[in-house]
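Please work through the following exercises with the sequence and the coordinates at hand. Each task is followed by a solution in steps.

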Amino acid sequence: MTVTERPANYGTSMIDLGRFQIDLEMRTLHQSGTLVPVGSRAFDILAVLVSAAGRLVTKDELLDSVWPKTVVEENNIQVHLSALRKILGEDRDLIVTIPGRGYQLRQRPVESRAPAVESRAFRRSLPLRETRLTGRDAAVRQISTLLQTTQVLTLTGAGGIGKTSLAIEVARQASNDFSRAVYFVELATATTEDAVLCEVAEACGLSTLDAVVDIAQLAAAVSGKRLLLVLDNAEHVIDAVARIVDALVAASEILRVMVTSREPLRLMQETVYRVEPLDVPPSHSTHAEIVQFSAVKLFLLRVNSIQRYAYAGCEEIHLIGEICRRLDGLPLAIELAAARVAGLGVEGVHRFLHDRFSLLTGGYRTALPRHQTLRATFDWSFFILNPCHQLLFRRLAVFSGGFTFDAMCAVVCDKKYAVADAIGGIGDLVAKSLVNIELEGPVSRYRLSDSARAYALEKLHAEGEQKLIAARHARYVSHCLRPCLADSVAEQLDREIDFRQSLDDARSAFDWAFSQHGDTRIGVELTAGLTEALFDAGLIHECCTRAEQAIDALEELPPASVDSDTEMRVRATLASALIYAQGPVSKSEQLWTEVLALAGDTGDQVRHAQALWGLWNTLLSSGNVYGSMNYARRFQRFASHRGTAWQIVLGDQLVAISQHCLGEHEQAKLVLANAMKRFDQLENDPQRDGRFAVDPMAMCNGTLVRIAWLQGDTEASLALVDVLINQVRSETLEPSLTHVLGAGAIPLALISGDLERATRYIDIMRSQAAQNGFGIWLDYCACLGACRDILDGQGVTATALLEEKLDALLSRGFRRLVTPIIVTCAEALIAQGRLAEASRRLSDVHNFCLKNGELFFLPEVWRGRGALAQAEARGLAPDSNAALNKLAIAFSCFQESIELSRTQGAKMWELRASMALCSVSILVTR
């Protein structure tokens with residue numbers, strides 16, 4: 001078969017076929033200018049064979065191309081082929097049958113030995129597109145523009161990203177827009193430089209009687225011709241292609257060469273265009289937004305090409321968006337996934353994505369073998385790597401997200417694989433589009449796509465290296481978390497991205513360590529840093545879950561399997577988190593006790609101080625003020641003998657706060673005011689210890705504000721609340737802000753009747769508690785909200801919620817600041833006539849306060865008991881002895897409240913009790 005330039009009256013797509021000429025565009029067959037009748041199906045078969053340009057065409061390919069979406073018998077091909085051969089007459093042997101394989105057109109050599117190249121025709125027709133090009137309009141325009149100014153344009157990108165489809169579309173437009181002859185060369189089967197030369201020469205119409213065509217002949221043949229040469233799939237013969245292209249463009253300034261490859265040619269004349277994945281919708285996208293993204297459009301288009309498909313609604317569209325995200329916007333993977341919808345449905349495809357290489361098969365029969373399954377695409381890329389680069393690629397599978405060069409070396413390098421190998425290896429993987437590179441300022445970060453990582457994991461497992469590399473990764477991540485936690489605020493902000501990535505890496509390593517094939521000991525070591533990071537990041541629920549899993553595993557390990565510091569860190573973090581998350585508070589006390597014992601055994605002074613503070617804070621949270629004072633004194637003694645100047649001040653503060661809860665407000669006020677001044681002086685002290693959940697300054701200020709209100713300076717205390725909130729530092733925002741709001745700002749606003757201010761603070765606290773997973777404090781906030789609603793006249797509904805949340809708190813052992821809420825609940829029950837329930841709650845809280853030393857709120861409990869007795873009197877006959885006895889009890893309760901208030905110097909408690917006493921006195925004197 002030969003190609004010659006046709007006269008002007010012939011179409012530009014006229015191709016010589018022996019004694020015949022075939023026009024693919026006009027769908028006509030001529031012999032010596034005379035139209036030869038040919039049936040439609042027979043012409044379709046002839047067009048497919050001609051377009052294949054000598055390539056073998058299988059029976060299935062002919063059936064799919066000529067009878068698409070139609071089931072026909074195979075003998076239909078024979079019928080129409082017989083008709084074609086009859087038409088071709090003496091040229092009938094141009095159509096060759098390859099038994100058991102298919103058909104092809106025989107290639108006949110040109111008679112002349114002189115090289116020749118013919119233009120303005122497709123020597124090898126551009127392949128037909130299987131589907132409409134989707135989401136690539138901008139890329140086509142950009143590439144077409146680049147072709148006008150550059151001699152060599154290489155489209156690079158990962159396998160299956162659509163480089164060939166883009167090249168075909170651009171070439172098709174180039175042939176129309178610039179009157180260039182376009183020669184398309186498929187290099188997939190070429191494995192040597194000679195083979196590449198032969199493919200290019202044949203595509204350009206160059207033929208000699210010699211078996212080999214050299215570069216000089218080819219360069220001379222194309223010189224001065226307006227050609228666009230498209231070299232498709234060049235990565236496996238990249239060196240040969242680079243040499244050939246360099247010679248061709250040197251010989252002809254008007255020649256244009258477009259190459260598709262997974263890596264650049266690295267020529268001076270080359271412009272590289274990186275083909276990006278299709279756009280995928282972010283996880284938070286709406287239904288209407290999802291369907292606008294090019295990856296989703298391609299998915300839906302491919303599904304509709306197989307079956308008429310109407311998606312059910314928002315849920316299914318969101319699943320499609322998730323599928324496209326997890327497939328990284330890779331067109332081949334998306335098309336393969338869409339093809340599976342007919343059998344599995346969208347939900348089934350989504351569910352089986354974890355085994356994507358088994359799922360994503362069944363590509364077009366006419367596609368290259370490596371484009372018929374996702375695994376084959378990666379096999380092609382992997383097998384052209386040298387052994388060292390294969391090693392690097394599979395070991396990178398342990399990184400679930402981005403990673404730096406340092407991280408890569410720490411995990412991948414060893415005695416057999418040096419840093420120098422990694423330098424060359426990572427560059428090669430990036431060049432071959434197996435690893436993506438992202439620049440964040442001067443820092444390079446690398447990342448594997450989800451599909452590349454899944455493939456690399458398979459190779460890592462097959463090589464038997466998974467446990468070794470995963471263990472290295474876990475140790476590296478554990479090491480990295482500590483600097484992140486110790487950074488200053490500015491440094492933390494600078495390293496925020498690194499910290500988030502370290503957190504993701506640590507999660508991945510944690511999951512491996514506690515899996516069936518992991519290493520529990522390494523997992524416990526990693527948990528120490530991970531849970532501290534989670535706590536500081538406000539991810540309290542996750543912190544508790546992972547810490548509990550590690551501690552359960554620790555109990556199963558032999559003694560001394562991990563070092564004492566690691567064990568103390570894990571137990572201390574869980575103990576700190578429990579009193580904010582779900583409790584129970586008693587579990588937190590147990591953990592702190594274990595940390596204290598370990599610190600004593602090892603002589604770890606830092607952990608000793610942390611455990612004493614933790615026990616003080618935990619017992620205070622459980623309402624055990626006597627117990628908290630015990631640990632406050634112990635901390636004070638520890639600090640005076642072995643502590644730092646900052647710890648000495650902290651010890652005084654702990655004692656003062658416990659004194660305040662015992663009702664010794666004036667003494668506490670003096671010590672706390674002094675402590676505030678000393679804290680200010682030690683603000684920049686390098687020995688300042690930041691291992692405490694709540695900022696000690698916040699606790700100190702919050703207590704002083706509450707004391708000011710109790711002592712009658714209400715305006716000053718409320719004014720100080722906003723100042724106190726502003727003083728919460730961003731680096732210790734939580735749980736400090738939630739504590740300040742819940743322990744001081746909201747209760748004071750409520751008791752002062754400032755419902756607007758209370759509402760504002762409650763909204764902030766609820767949001768913060770929910771965002772950070774503070775389950776206990778979220779229930780506590782709900783109690784405060786219910787108290788506000790009761791004050792706002794919504795008694796019945798608000799009381800039901802208040803009872804529910806109160807009981808939830810009490811069941812977890814959380815009693816901090818709960819007593820006045822119990823009193824409010826009792827008063828609401830009294831107002832609804834539920835006196836027995838109110839009596840039970842008041843009796844329980846009264847006994848609890850006396851037993852545990854929560855004397856601060858005892859005046860309010862006595863006032864509540866007086867209100868109960870007064871209500872009971874109203875239910876009896878007026879002036880009866882029983883009614884008078886109840887009023888006498890009420891009078892006595894109010895008096896007890898007043899006397900306790902005076903003893904404590906709590907003028908506001910005294911005022912509230914005195915007003916209640918007046919109401920009883922009026923009744924008694926009537």
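The exercises below treat sheets, helix contacts, a cavity and some local backbone features.

The model is predicted, so local features need pLDDT of at least 70 and side-chain atom pairs count only at pLDDT 80 or more, whereas totals for chains, interfaces and linings use all residues. Residues are numbered from 1 along each chain as its sequence is written, and side-chain values use heavy atoms, with hydrogens and water left out.

**Exercise 1. The five-stranded sheet**

Task: Determine the strand order of the open sheet of five strands and identify the strands at its edges.

Solution.
Step 1. Fix the terms: helices (H or I, at least four residues) and strands (E, at least two) are DSSP runs numbered from the N terminus, and two strands pair if DSSP finds at least two bridges between them.
Step 2. The order is 9-10-11-8-12, and the pairing is parallel.
Step 3. Strand 9 (181-186) and strand 12 (270-274) each have a single partner strand, so one side of each is left without a neighbour in the sheet.
Step 4. On average, neighbouring strands of this sheet are turned by 15° against each other, direction ignored. Axes are lines fitted to C-alpha atoms, for helices over the stretch in contact, and angles run from 0 to 180 degrees between N-to-C directions.
Step 5. Five bridges join strand 8 (residues 152-156) to strand 12 in the parallel sense; in this pair, V152 has E270 of strand 12 as its bridge partner.
Step 6. Helix 6 (residues 193-203) lies across strand 9 and strand 10 (227-232) and runs at about 150° to strand 9. Contact here means heavy atoms within 4.5 Å.
Step 7. Strand 10 is followed by a loop that leads to helix 8 (238-251) and holds N233. N233 has a positive phi of about 65°, although it is not a glycine.

**Exercise 2. The three-stranded sheet and a hairpin**

Task: Describe the pairing in the open sheet of three strands, and then that of strand 3 with strand 4.

Solution.
Step 1. The sheet has the order 5-7-6 with antiparallel pairing.
Step 2. Strand 5 (57-58) and strand 6 (95-98) stand at the edges with a single partner strand each, so one side of each lacks a neighbour in the sheet.
Step 3. Two bridges pair strand 5 with strand 7 (residues 102-105) in the antiparallel sense, and V57 stands opposite Y103.
Step 4. Helix 3 (residues 75-88) lies across strand 6 and strand 7, at about 145° to strand 6.
Step 5. Strand 2 (residues 20-23) runs antiparallel to strand 3 (residues 28-31), with four bridges between them; D23 stands opposite T28.
Step 6. Strand 3 also pairs with strand 4 (residues 34-35), antiparallel and over two bridges, and Q31 has T34 as its bridge partner.
Step 7. Strand 3 and strand 4 form a hairpin with two residues between them, and S32 in the turn has a positive phi of about 55°.

**Exercise 3. Two helices in contact**

Task: Classify the orientation of helix 12 and helix 13, and give the residue classes of their contact.

Solution.
Step 1. The axes of helix 12 (residues 331-339) and helix 13 (residues 341-351) come within 7 Å and cross at roughly 110°.
Step 2. Angles under 35 degrees count as roughly parallel, over 145 as roughly antiparallel, 65 to 115 as roughly perpendicular and the rest as oblique. Helix 12 and helix 13 are therefore roughly perpendicular to each other.
Step 3. A337, A338 and A339 in helix 12 meet V341, A342 and V349 in helix 13. This contact has six nonpolar, no polar and no charged residues. Ala, Val, Leu, Ile, Met, Phe, Trp, Tyr, Cys and Pro count as nonpolar, Asp, Glu, Lys and Arg as charged, and the others, Gly among them, as polar.

**Exercise 4. Local features**

Task: Locate the cis peptide bond between G583 and P584, and list the contacts of L755.

Solution.
Step 1. The bond from G583 to P584 is cis, with omega near 0°. P584 is placed in the loop between helix 25 (564-578) and helix 26 (585-602).
Step 2. L755 belongs to helix 34 (residues 755-772). Residues up to four places away in sequence are not counted, and L755 then touches L750, R788, L791 and D792.
Step 3. L755 and D789 are 34 residues apart in sequence and 9.0 Å apart in space, C-alpha to C-alpha.
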